[in-house]
Amino acid sequence: APIERIVWLDADAAGRVHAVLHEVDRSTVSPFRVSSERYVLVVLDEELRELGRTLGPWVLTELDQRVEFRVGPDGRLWQMAFADDGVRLLDWGRRAP
């Protein structure tokens with residue numbers, strides 16, 4: 001997979017590991033520009049076997065998303081992001097910001 005960086009990593013109370021990965025596809029020709037990118041939430045069990053993944057739709061937006069993620073008690077992922085008008089909480093349960 002074209003993983004550029006691990007944005008965030010944590011475990012929930014049930015022992016599942018949640019990782020947000022920044023994936024980048026680059027041109028194969030110099031100067032190797034980015035052709036697409038995305039955030040992907042990957043959930044793993046205690047033995048690091050993948051349980052599922054969610055594609056995050058908010059990588060390239062007007063929001064500054066280089067901030068904290070938190071897993072709620074129900075396993076839902078939340079992200080704090082900054083916008084011109086203040087702070088927003090993004091629900092990674094697939095709702096738009």
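1. Leaving aside its neighbours within four places in sequence, V71 is in contact with W8, D12, H18, R76 and L77. This contact list is taken from a predicted model, and the points below concern that model as well. Three of the residues just named, V71, W8 and L77, are also listed among the members of the largest nonpolar core.

2. The largest nonpolar core has nine residues: W8, V20, Y39, L41, V43, F69, V71, L77 and W92. Strands β3 and β5 each supply at least two residues of this core, and β3 gives the most, with three residues. A second, separate core of six residues includes V17, A19, V40 and L44. As general background, nonpolar side chains tend to be buried together in soluble globular proteins.

3. The secondary structure of the chain consists of seven strands and zero helices. Read from the N terminus, the order of elements is therefore simply β-β-β-β-β-β-β. Of the 97 residues in the chain, 37% count as buried. Where contacts join residues at least 6 apart in sequence, 28% of them join residues at least 24 apart. The chain exposes about 6400 Å², and carbon and sulfur atoms supply 52% of this area.

4. Which residues of strand β6 point to one face and are buried? Strand β6 covers residues 77-83, and its side chains alternate along the strand. L77, Q79, A81 and A83 point to one face and are buried. W78, M80 and F82 point to the other face and are not buried. Of the buried set, L77 is also a member of the nine-residue core.

5. Strand β6 pairs with β5 and with β7. Strand β5 (residues 69-71) is joined to β6 by three bridges, and the two run antiparallel. Within this pairing, R70 has W78 as its bridge partner in β6. β5 and β6 form a hairpin with five residues between them, and G75 in the turn has a positive phi of about 90°. On the other pairing, six bridges join β6 to strand β7 (residues 86-91), again in an antiparallel arrangement. F82 has V87 as its bridge partner in β7. The hairpin formed by β6 and β7 has two residues between the strands.

6. The count of salt bridges comes to eight. As a general matter, side chains of opposite charge can pair when their charged atoms come close. One of the eight is formed by the side chains of E23 and R38, at 3.1 Å from N to O. This pair links distant parts of the chain: E23 lies in strand β2 (residues 17-26) and R38 in strand β3 (residues 34-44), 15 residues apart. Are the two partners buried or exposed? E23 is buried because its relative accessible area is 7%, under the 20% limit. R38 counts as buried for a like reason, with 18% relative accessibility.

7. R38 also meets D25 in a salt bridge, at 3.1 Å from N to O. Here too the pair links distant parts of the chain, with R38 in strand β3 and D25 in strand β2, 13 residues apart. D25 has a relative accessible area of 27% and is therefore partly exposed. Salt bridges that share partners join E23, D25, R38, E50 and R53 into one network.

8. A further salt bridge is formed by the side chains of E47 and R49, at 3.8 Å from N to O. E47 counts as exposed because its relative accessibility is 60%, over the 50% limit.

9. What do I3, I6 and L9 form on the surface? These residues make up a nonpolar patch there, with about 310 Å² of accessible area together. I3 is placed in strand β1, which covers residues 3-11. At 45% relative accessibility, I3 counts as partly exposed, because this value falls between the 20% and 50% limits.

Key: Residues numbered from 1 in each chain as written. Predicted model: local features only at pLDDT ≥ 70, side-chain atom pairs only at ≥ 80, totals over all residues. Heavy atoms only, no water. Patch = residues over 30% accessible without salt bridge, like charges linked within 9 Å, V, L, I, M, F, W, Y side chains within 5 Å. Areas by Shrake-Rupley, 256 points an atom, 1.4 Å probe, with all protein chains shown as cover. Salt bridge = Lys/Arg side-chain N within 4 Å of Asp/Glu carboxyl O. Helix = DSSP H or I, 4+ residues; strand = E, 2+ residues; numbered from the N terminus. Buried < 20%, exposed > 50% of the residue type's maximum accessible area, 1.4 Å probe, protein only. Pairing = 2+ DSSP bridges. Contact = heavy atoms within 4.5 Å. Core = buried A, V, L, I, M, F, W, Y, C linked by side-chain atoms within 4.5 Å.
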